[in-house]
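Trainee: Got a minute? I'd like to go through this one with you before I set anything up.
Mentor: Sure, put it on the screen.

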Amino acid sequence: MGIMDGLGEGFSVALDPTNILYVFLGVLIGTVIGVLPGLGPTATIALLLPITYELEPTSSVILLAGIYYGSMYGGTITSVLLRLPGEAASVVTVFDGHQMAMQGRAGPALGIAAVGSFIGGTLSVVGLILLAPPLADLAVQFGDPEYVALTAFGILLVTYLGTKHPVKALCMAALGLLLATIGRDLVTGTSRFTFDQVELFDGLDFVAVAMGLFGVGEILYNLEKTEKAEQIKSKVKNIWPSRRDFRDSSGAIARGSVLGFFLGVLPGGGGVISSLASYGMEKRRAKDPSRFGKGAIEGVAGPETANNASSTSAFVPLLTLGIPPNVVLALIYGALLIQGITPGPQLIDNNPEIFWGVIASMFIGNLMLLALNIPLVGFFVQLLRVRAGILAAFALLITMAGVFSVNNDVFDMWVVLVFGIIGWLMKKTGFEPGPLVLAFVLGAILEESFRRSMLLSGGEFSIFFTRPMSGTLFAVMALVVLYSSVMGIRRRRQRSQLPGVAEEELRATGLEAEPEGTAGVAATSGRTDGRADDDGVPGTGGGSTRAGGDRP
Amino acid sequence: MGRTMRTAPALLLVAVGALAGCGNDGGGGGGGDNGGANYPSDDIRLLVPYAAGGPTDLTTRTVGSCLEDELGETVVVENLPGGSGALATSELVQAEPDGYTLSLVTAGTMVLTPLANEVGYTYEDITPIGVMADVPSVLAVGKDSPYASAEDLVEAAEAAPGTVNVGVPGASTPQGIELQRLADDHDVEVTVVPFDGNAEMTAALLGGNIDAVLINASQDVTANIDSGDFVPLVASSEERLEWLPDVPTFTELGFEGLTLSGSTFGLAGPAGLPDDVVSTLEDTLRSCLEQDEVREGIGEDYVPDEFADAGELADILERTHEVYEPILG
């Protein structure tokens with residue numbers, strides 16, 4: 001199917017009144033939860049997952065995707081106005097966005113963020129259209145060794161890129177891999193770790209685990225925190241940025257779109273890293289870097305564009321390889337599995353209505369967000385008055401009813417509660433659930449592919465290195481490990497002399513937004529920015545180009 | 001979403017309440033005293049041991065809605081996936097034998113699962129009613145395969161045992177066991193490569209990563225056969241399939257006894273179902289399977305031409321058990 005035919009079909013699906021409604025609901029919910037600190041896109045999508053069971057597959061992905069990129073817009077509002085990032089990908093927006101607001105320029109800050117997000121999102125959809133079908137065609141040829149390489153690479157990058165403590169993240173990834181082994185062994189049919197519990201024969205249900213760790217865990221954690229009720233002082237006026245603002249930020253928007261697109265495709269990437277990388281890049285490129293942190297409009301435009309672009313491009317690996325690059329996409333993967341659709345190279349051919357429908361809905365959704373955000377900023381800010389307790393009770397009820405409805409199994413409700421408590425303890429102790437959940441999803445694919453590779457090769461490990469694709473990927477992996485170790489040692493040496501500026505800023509604000517799941521906010525930004533100061537976003541930017549280059 | 005969020009739990013509560021109520025009524029009023037004289041006089045639960053959306057679900061829902069029309073009582077189809085069918089089957093064998101709890105059964109859920117795991121029931125703990133559908137398996141290769149016929153493939157496997165890779169939908173599946181029997185009983189040794197379901201196997205075969213698949217010929221597979229992407233070499237049925245008249249069976253090729261890799265979807269109740277209830281259900285199922293609407297719903301090719309009744313379903317399960325017990329037991 002050509003691009004034009006595809007888009008034609010896509011728009012006919014997305015313009016169906018029901019689907020327009022779901023796009024609208026998605027971006028609206030996304031904006032709302034983006035505004036509310038504590039309820040990020042991961043938790044929300046985890047909570048709503050079972051409800052999508054009742055929808056058409058296309059509608060459910062349209063809805064969930066809308067929540068994801070919608071939340072990227074919403075998070076900006078509170079970052080700028082209240083110095084309180086609604087979700088993790090908007091943390092860097094605080095530096096310059098809030099400064100702009102203090103200077104009475106909150107309007108242009110929000111305006112440029114909305115425009116940048118729109119451009120970034122739209123360009124990213126175009127990239128998705130151009131890149132996904134050829135990638136899927138190529139991926140049909142992928143065998144098990146390639147999947148071993150891709151999933152191992154994904155787990156590596158998730159633990160390396162998206163976390164504050166790589167060691168803790170590795171522990172969590174290991175735990176996720178271990179949990180993935182529960183249930184029947186695919187090759188021999190033996191039961192593993194089931195303790196003769198019939199409920200465990202098929203392993204733990206991904207939906208229940210994710211809902212527990214992200215949904216219930218977050219709810220419990222947020223209940224502990226005292227509510228930060230702040231008065232909203234100034235009224236926002238003059239949203240539309242001036243001509244000069246546009247001129248100043250056009251470069252940042254263009255760079256942010258490209259950067260965001262590639263970091264979104266990368267496993268372990270996503271909104272948080274993209275926004276941080278873009279901020280670092282703008283600061284490095286600026287003629288006068290000292291303006292940053294004092295209300296530079298590029299510092300708002302770049303990151304906001306990048307996080308939106310990445311939330312769209314993250315769909316590329318899911319829809320072409322069947323491999324979710326970050327936790328939000330892992331949840332959307334789960335939503336498709338519930339519907340009996342296994343995302344993979346054949347998705348575009350077998351379910352063109354999903355692929356093209358979702359793409360078309362993204363065009364519409366981005367347009368809606370632009371229309372929603374600019375006039376309704378004042379309304380969204382009022383949402384912060386909803387009491388956390390009410391929200392939590394409501395969310396918990398939906399969670400429990402929802403998870404039961406997927407398999408009609410009471411056991412899954414216990415799984416949610418147990419993992420909810422585990423998730424809460426993990427948050428308290430600084431372990432992130434992101435690597436665990438992603439390793440849990442990818443671990444199943446990794447193990448099955450590995451076992452099959454061994455069957456096919458008769459036990460020869462050379463199968464992984466003699467095939468061009470998997471060989472290249474393993475080589476890249478070795479480079480990443482080597483590179484990060486070297487950089488780690490260098491950074492440790494320099495740390496005493498060079499504390500990262502952003503690190504101080506963050507500490508001063510005492511910000512703690514809810515991570516997107518892939519990344520811990522506060523310290524990641526410290527780390528990435530610290531690196532940016534060293535020699536310009538090497539870890540993230542460099543990684544992306546390399547991986548991007550390998551993906552044809 | 002606001003609306004959905006508010007109504008979803010409420011609907012669930014109502015649904016749960018209704019089910020609970022139905023269970024009580026079914027146990028007290030419908031069962032026991034009255035026997036099957038005025039059966040059915042209440043809602044019937046029809047369990048599916050697999051998730052919604054697959055061929056088992058489709059078959060059960062099609063038959064369920066026909067039973068509902070014919071019997072004049074509501075039939076509630078309930079998906080209880082999990083435990084390789086053990087969750088739903090446990091629910092079935094523990095239910096009152098009054099005809100108000102029925103389930104889809106397969107050789108997988110009734111024979112394989114209890115042999116491979118400690119699940120607390122055997123294939124004898126149910127009352128068979130009849131066969132709803134029969135989905136055969138086919139041994140198929142990709143369109144660019146060097147094996148033009150089953151003989152080619154068998155020859156290659158005999159010449160170099162273990163070099164031909166054949167995908168199956170899982171280790172403890174009828175297909176996996178069938179290939180093991182091919183090696184044990186007929187000395188044709190292929191490497192069995194288990195996948196998780198049809199979609200993965202299809203991708204692997206189309207991508208040229210395995211040589212052949214032994215796969216349930218459900219509608220996704222027949223579509224690939226029709227388009228020429230899959231070339232069927234052998235059918236698992238006892239006789240040639242009507243819709244694949246040129247494809248030989250394992251028996252024709254000299255592999256006596258390899259007829260168990262297809263899937264039979266049976267209808268059954270708990271052990272001790274009264275005879276008159278069984279015959280009511282058997283007759284209704286028979287007349288349902290004669291209706292064009294039902295045959296089209298399930299897939300014309302999958303509905304047996306001649307109705308296989310309670311006795312035949314019992315035979316199938318027993319035969320499968322006899323063959324599998326020495327392998328798995």
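Mentor: One term before we start: pLDDT is the predictor's confidence in each residue, on a scale from 0 to 100. You'll need that here, as this is a predicted model.

Trainee: OK, what's the mean pLDDT of chain A?
Mentor: The mean is 81, and 86% of the residues in chain A reach 70 or more.

Trainee: Where in chain A is confidence lowest, and where is it highest?
Mentor: The low end is helix H24 of chain A, residues 538-550, with a mean of 33. At the high end is helix H18 of chain A, residues 410-429, at 93. Also, residues 498-552 of chain A stay under 50 throughout. The model still has 136 contacts beyond four places in sequence for that stretch.

Trainee: How should I treat a stretch like that?
Mentor: Where pLDDT is low, the predicted coordinates should not be read in detail.

Trainee: And what does chain B average?
Mentor: Chain B averages 87, with 89% of the residues scoring at least 70. Its lowest element is H1(B), at a mean of 41, and its highest is strand S3 of chain B, residues 101-105, at 97. Residues 1-34 of chain B are below 50, and that stretch has 32 contacts in the model beyond near neighbours in sequence.

Trainee: Switching to the complex, what ipTM does the predictor give?
Mentor: It gives an ipTM of 0.77 and a pTM of 0.77.

Trainee: How many residues does the contact take from each chain?
Mentor: 36 from chain B and 36 from chain A. On the chain B side, the elements giving two or more residues are helix H1 (2-30), strand S2 (75-79), helix H3 (86-94), strand S7 (191-194) and helix H7 (198-206).

Trainee: Which of those gives the largest share?
Mentor: H1(B), with 5 residues. Keep in mind that H1(B) is also where confidence is lowest in chain B. By class, the chain B side has 18 nonpolar, 15 polar and 3 charged residues.

Trainee: What about domains in chain B?
Mentor: The domain assignment gives domain 1 as 39-135 + 262-328 and domain 2 as 157-235. Their centres, taken over C-alpha atoms, are 27 Å apart. In the contact, 10 residues of domain 1 of chain B meet 9 residues of domain 2 of chain B. H4(B) supplies the largest share of the domain 1 side, 4 residues. That side has 7 nonpolar, 3 polar and no charged residues.

Trainee: What's the strand order in the open sheet of chain B?
Mentor: S2-S1-S3-S10-S4, 5 strands with mixed pairing. S2 and S4 of chain B are at the edges with a single partner strand each, so one side of each has no neighbour in the sheet. Neighbouring strands are turned by 25° against each other on average, direction ignored.

Trainee: How do S4(B) and S10(B) run, and how many bridges join them?
Mentor: They're antiparallel, joined by 8 bridges. B:Gly130 stands opposite B:Leu267 in S10(B), for instance.

Trainee: Back to chain A: at what angle do H1(A) and H16(A) pack?
Mentor: About 70°, with the axes 7 Å apart. H1(A) and H16(A) are therefore roughly perpendicular.

Trainee: Which residues meet there?
Mentor: From H1(A), they include A:Leu7, A:Phe11 and A:Val13, and from H16(A), A:Trp356, A:Ile359 and A:Ile364 are among them. The residues of that contact divide into 9 nonpolar, 4 polar and 2 charged.

Key: Residues are numbered from 1 along each chain as its sequence is written. Chains are lettered from A and ligands numbered from 1 in the order in which they are written. This is a predicted model: local features need pLDDT of at least 70, side-chain atom pairs count only at pLDDT 80 or more; totals for chains, interfaces and linings use all residues. Two residues are in contact if their C-beta atoms, placed from the backbone, lie within 7 Å. Domain bounds come from an automatic or database domain assignment. Ala, Val, Leu, Ile, Met, Phe, Trp, Tyr, Cys and Pro count as nonpolar, Asp, Glu, Lys and Arg as charged, and the others, Gly among them, as polar. Two strands pair if DSSP finds at least two bridges between them. Axes are lines fitted to C-alpha atoms, for helices over the stretch in contact, and angles run from 0 to 180 degrees between N-to-C directions. Angles under 35 degrees count as roughly parallel, over 145 as roughly antiparallel, 65 to 115 as roughly perpendicular and the rest as oblique.
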